[in-house]
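Open the model in your viewer and keep the sequence panel beside it. The stops below are given in an order for selecting and looking.

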Amino acid sequence: ILRNVPVAFVYLLWISIFSVMQMLLYNTIEEKSNRIAEVLLSSVTPNEIMMGKLLGIAAIGLTIVGTWLATAFIGLQLYQGAGAEIIGPALDAVAASGLIPTFVLCFLLGYLIYAGLFLSAGALCNDLKEAQNLQGPIMLTMMAPLFTMVFIKRDPHGTLATILTWIPLYTPFTMMNRAAADPPLAELVGATLLMILTALLLLWSAGRIFRIGMLRAGNRPKLAAVVQWIPG
């Protein structure tokens, strides 16, 4: 049973990260397009605005995820129909397996990694149409874990699983998928450090882009110009 549970958690992880990223992106664009950001920047710094967004949306995301998990567990505990004698022990096994703490860790680190990308995209765009064009490549990137998770479940220690573990954008989903298969400790520690470093790098870069992009009007800047903003 435990070997199949991570797949469900990967779906939940993907949906939750995707949902909160949409909130973060649209909130950023709305503040920029309506000139709310200019009013806010008269009182606080760009970094403070960005951190407020990160913490606020993270709290919303954790609330949503916590509600989903609590509803599922309580509902299944109260279920008295066919197969109830199997569901109870299965839930106890999931609760004792450490999958839930792993899920929370992967959600938080995955959220921070993708938040860096979506905050940058929101600061560069003037309206939702521009944002939809820009987030297209990011969404295609995010789809890869859904296409590969069945193969990873079949061979959690195989070449595909190992490679995707060390690609930061896929690390949260891959590690969640491999969690029940007891991956090597070195990979667990290394992948966690990789996610932390990637999140810090992307958020630092997003801070530089956010500072300039939120006050910039006109056509969306070219990639070369955006790259020049990052080192300041």
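Helices here are DSSP runs of H or I with at least four residues, numbered from the N terminus. By that rule, Leu-55 sits in helix α3, residues 46-78. The model is a predicted one.

**Whole chain**

Start with everything shown as a cartoon. The chain has 10 helices and zero strands, so defined as DSSP runs. Of its 232 residues, 41% count as buried. Among contacts with a separation of 6 or more, 77% join residues 24 or more positions apart. Switch to a surface: the accessible area is about 11,700 Å², and carbon and sulfur atoms hold 69% of that area.

**Helix α1 and what follows**

Select residues 5-33, which form helix α1. What span should its 29 residues have at 1.5 Å a residue? The expected value is 42 Å, and the end C-alpha atoms are 42 Å apart, so the two agree. Now move to Arg-35, just after α1, where phi is positive, about 65 degrees. Most residues other than glycine have a negative phi.

**Ala-37**

Next, select residues 36-40, helix α2, and pick out Ala-37 within the helix. Is Ala-37 buried or exposed? Its relative accessibility is 3%, and the limit for buried is under 20%, so Ala-37 counts as buried. Leaving aside residues up to four places away in sequence, Ala-37 touches Glu-31 and Met-214. Add Leu-215 to the selection: Leu-215 is 178 residues from Ala-37 in sequence, yet the C-alpha atoms of the two are 7.6 Å apart.

**Leu-55**

Go to α3 and select Leu-55. With 59% relative accessibility, against a limit of over 50%, Leu-55 counts as exposed because it passes that limit. Measure from its C-alpha atom to that of Leu-112, a residue 57 places away along the chain: the separation is 10.0 Å.

**Asn-177 and the second largest cavity**

Select residues 171-178, helix α8, and find Asn-177 there. Asn-177 is buried, at a relative accessible area of 5%. Show its contacts, again without residues up to four places away in sequence: they are Pro-6, Val-7, Val-10, Met-149, Ile-152 and Lys-153.

Asn-177 also helps to line a cavity. The structure holds three cavities of 30 Å³ or more, and the second largest has about 40 Å³ of space. To see the lining of the second largest cavity, select Val-10, Pro-145, Thr-148, Met-149, Ile-152, Leu-164, Phe-173, Thr-174 and Asn-177. Which helix gives the largest share of this lining? It is α6, with four residues. Helices α6 (128-154) and α8 each supply at least two lining residues. Color the lining by class: six residues are nonpolar, three are polar and none is charged.

Val-10, Met-149 and Ile-152 are among the lining residues, and they are also among the residues that Asn-177 touches.

**Asp-182**

For the last stop, follow the chain from α8 into the loop that leads to α9 (185-213), and select Asp-182 there. Its phi is positive, about 55 degrees, although Asp-182 is not a glycine. Where Asn-177 is buried, Asp-182 is exposed, with a relative accessible area of 64%.

Conventions. Residues numbered from 1 in each chain as written. Predicted model: local features only at pLDDT ≥ 70, side-chain atom pairs only at ≥ 80, totals over all residues. Heavy atoms only, no water. Buried < 20%, exposed > 50% of the residue type's maximum accessible area, 1.4 Å probe, protein only. Contact = heavy atoms within 4.5 Å. Expected span 1.5 Å × (residues − 1). Areas by Shrake-Rupley, 256 points an atom, 1.4 Å probe, with all protein chains shown as cover. 1 Å grid on protein atoms, 1.4 Å probe; cavity = no way out; pocket = protein on both sides within 12 Å on 5 of 7 lines; lining within 4 Å. Points joined across faces, edges and corners; volume = space filled by probe spheres on them. Nonpolar A, V, L, I, M, F, W, Y, C, P; charged D, E, K, R; others polar.
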